Amino acid sequence: MTREQQSRYESVYRAWQRDPEAWWAEAASGISWRKGWDRVFDPAIGPYGVWFPGAALNTCENCLDRHVAAGRGGQTALIWDSPLAGRSERFTYAELTARTAQVAGALKALGVGRGDRVVIYMPMVPEAAITMLASARLGAIHSVVFGGFAAAELAARISDAKPRVIVAASCGLEPGRIVAYQPILDAALALSPHQPEACLILQREIAPATLKPGRDHDFLTAEAAAHPADPVPVLATDPLYILYTSGTTGRPKGVVRDHGGHAVALHTSMGMIYGAKAGDVTWTASDVGWVVGHSYIVYAPLLAGCTTIMYEGKPVGTPDAGAFGRVIAAHGVKTLFTAPTAMRAIKQQDPEAKLFTAHDLSRFEALFLAGERCDPPTAEWAAEKLARPVIDHWWQTETGWPITAGFRGLGLFPFKPGSGGRPAPGYDLQALDDNGAVLAPGTNGSLAIRLPLPPGAAPTLWHDEAGFRAAYLQDFPGWYRTGDAGMIDADGDVWVMGRTDDIINTAGHRLSTGAMEEVLASHPDVAECAVVGAQDALKGQVPLGLVVLKAGVDRAPDDICAELVQLVRQRIGAVASFKQALVVPRLPKTRSGKILRAAIRRLADGEPANPPPTIEDPAALDDISRALGTR
Ligand code: COA
Ligand code: AMP
C-alpha cells in the first residue's frame, strides 16, 4: 500500500463534504461549553454567516482551567526560552492558570470587562501570552501589535481598536540591540486621537522604563495585588481578538476572531494537521504579533493540552545556526513550525545543517512551514538534512488556521516540494478564472473558497462589515477571494504561487507595498513612485522602491533615497526591510495611466518585462533596467 492509500485524508474530507454541520458539531465536542448552540451554523448573520450561535464558553477556561480540573495541573503548559535574555522558564498548567487569573484580576481592577479592548504591545515574553489569555478570561478583546512596527503603525491600531487599557513591556530584544518600547508607545499615543485609561508596563530588568504617573502601572505589582478573576462565559460569536494585518493600502485591516469557531477549529487542527495530542511538546518559532503566534504559540497548543514554547531568539546568530536544534533537544520538541525564511537562514550559514543536527533530535518528528511560499530547494534541503517529514501549509491572518496542509494526524500523502498540500476539511477551495468560473485541474487562477468560511475564519473586520465584503466577497460572488494565485493539480494538491494584490511577504512577514508607496509619496521631492516585491535569497521577497522626482529637484538622488529608506523605517518599522530606493526618470504605465508594477517586478527579478500591449511608453522599461543595473 502506498502512503497515499494509508492516509485517512480522503475519507475525512468526504465526510465533511457530505454533512459539514454534522462534521463541525462532532469536532465541537472537543471543547467545553457553558451552553450549547441554537444552530451549528446560521447563514443569515454577518457577511456570510456565523458558527455556533447561541452557545457560550470561555476560551481561557478551555486553554487552562479545564486541564487543571482534569488532573493535569502539574504538566508543563509553557516554556519560555530566551537566548537573547539568557534565560528560560517553565510554567505548569496550574501555574499558568494562577498567573492568568491574577493578571485578569489586575485588568479588571483597571475597569476592563466583557467587550472592552486591550492592546498588547509586548515581545516574546510569557506575560504576552498570559495577558492574551487574561483578556480572553474576562471576555475582553485583545489586539496584539508586533514589536517591529513603528509608532505610527501602533497609533493606527490604537485609534481603530480604542482600547481601555494598553499592556506593554519596557523593551524588546533584537540581536545586538535593545528596542525600548516606552518611547514608541509615547509617540503612538501622541499621534492617536484615542487615549487608553491606563497602561500596564512589564518592567524587564535589562531596560526598565520610566513610568508616567497617573497613566502607567507596574505590571508585576498590579498582578500581585489583584484578586484572581474567574472566567466569564461569553457567546461563541463574541470577538476574542482583533489582529490588524496589511491590506492593499496604508490602513491595516482589523481581522476579527470569534470565540467558539476559533476554539473548535484550532483544537481540531492540532490533531488532524499537526498530529499532536495532550502532553506533546509543540514549538512554533514565530511571534505573538502574527496570526501564526496567536494560533500556534498560544491558543491551539493550550486548547489541546500540549506544552508550547515561546522562543525569544532567531534561527541564526543566537548564537548560531544550531539554535533550533538546541531548543528541540532541550525541551523534547516533537513538531516545529516556522517560516521557510528561517530554514533558508540556517541553510545559508550551515549548508550541511551540522550545527542543527549535532543536538539530540531523537524526539523530533516533523517540520511544518508556512508564512510564505516555500521554494522546493529549501523544502528538499530541510527534508534531507533533518530526515523528518517537511509539511508546507498555506493560510492567512483571515483564516486563522490552515486552508491547505499535509495532514500528519491522518497519515501523510506523498511529499511534493513546493506544494501547500490539500484543502483542510472546512474549505471548498478552487482556482477561478477572472469571471469566477472554476478552472480545470492544473490551470492557474485566483484561489478562492466557496462560502461559508469554516469555523475559526474571520467572521468580519472590526467595525467594517462593508470593508470585509468589498475586500473578500465582491470579486467572486459566493466565494471568499484569498488574494493568492495558484492551481490545484490532478491529485488535488494545491500550489500557491503568490499574491494577486499589493501584498508581499518578507521573511514571512506580511507587508503592504501600497502602504510603503504612501510613505514614499509623502516625501516632498517625490512626484510618483512604485514599490514592488523583488526576489531575495534569504527573505523570499524584499521591497524595492522606484521614485520619480518632482521637476526642478536638483538634490543628489542618493541623499533622497537614503531619506526614503529612513522614512519607511520611521513610519512603518524596521520589519518592512525597506533598504533600497532608486530614482528613475519615469514609470512604465498603461495608456489609462496604471503603473505596470508586475513588469517592474519581473525586471527586478532579472526576467523579461513582458509588458501588456496597452503599455504607453515602452522605453520607460529601459530606464528601469538601467537603474536596476546600478543596484
Ligand atoms: N521588534 C523590533 N524589531 C524587529 C522585530 C521585533 N519583534 N522583529 C524584527 N525586527 C527588526 C530586525 O531587527 C531587523 O532590523 P534591522 O533592519 O535593524 O536589522 C528588521 O526588523 C528586519 O527583520 P527581519 O526581516 O526579521 O530580518 P533579520 O535580518 O533580523 O532576520 C531572519 C532574518 C530570517 C533570521 C528572521 O527574519 C527570522 O527569524 N524569520 C523567521 C520568520 C518568522 O518568524 N516569521 C513569522 C511568520 S511565521
Ligand atoms: P499572513 O496573513 O501574514 O499569514 O500572510 C498570508 C499570506 O502569506 C498568504 O496569503 C500567502 O500569500 C502567504 N503564505 C502563507 N503561507 C503560505 C504557504 N505555505 N505557501 C505560500 N504562501 C503562503
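User: How many cavities of 30 Å³ or more does the count come to?

Analyst: The count comes to four cavities of 30 Å³ or more. The model is a predicted one.

User: What makes these spaces cavities and not pockets?

Analyst: A 1.4 Å probe fits in a cavity but cannot get out, whereas a pocket is an open set of points. The largest cavity has a volume of about 100 Å³.

User: Which residues are the closest to the centre of the largest cavity?

Analyst: They are Glu153, Ser246, Ser512, Ala515 and Ile572, out of 14 lining residues. Each lining residue counts because it has an atom within 4 Å of a cavity point.

User: What does each of the two domains supply to the lining of the largest cavity?

Analyst: Domain 1 (3-313 + 393-487) and domain 2 (507-628) each give at least three residues to that lining. By element, at least two lining residues come from each of helix H8 (151-161), strand S28 (509-512) and helix H18 (513-521). By class, the lining has six nonpolar, five polar and three charged residues.

User: What is the volume of the second largest cavity, and which element gives the most to its lining?

Analyst: Its volume is about 50 Å³. Strand S25 (479-488) and helix H17 (465-473) each supply at least two lining residues, and S25 gives the most, with four.

User: Why are residues such as Lys253 and Glu398 in the lining of the second largest cavity called charged?

Analyst: Asp, Glu, Lys and Arg count as charged. The lining includes Lys253, Glu398, Arg481, Arg499, Asp501 and Arg510, so these residues fall in the charged class. The full division is three nonpolar, three polar and six charged.

Methods. Residues are numbered from 1 along each chain as its sequence is written. Chains are lettered from A and ligands numbered from 1 in the order in which they are written. This is a predicted model: local features need pLDDT of at least 70, side-chain atom pairs count only at pLDDT 80 or more; totals for chains, interfaces and linings use all residues. Side-chain values use heavy atoms; hydrogens and water are left out. On a 1 Å grid over the protein atoms alone, a cavity is a set of points where a 1.4 Å probe fits but cannot get out, and a pocket is an open set with protein on both sides within 12 Å along at least five of seven lines; lining residues have an atom within 4 Å of a point. Grid points are joined across faces, edges and corners, and a volume is the space filled by probe spheres set on the points. Domain bounds come from an automatic or database domain assignment.
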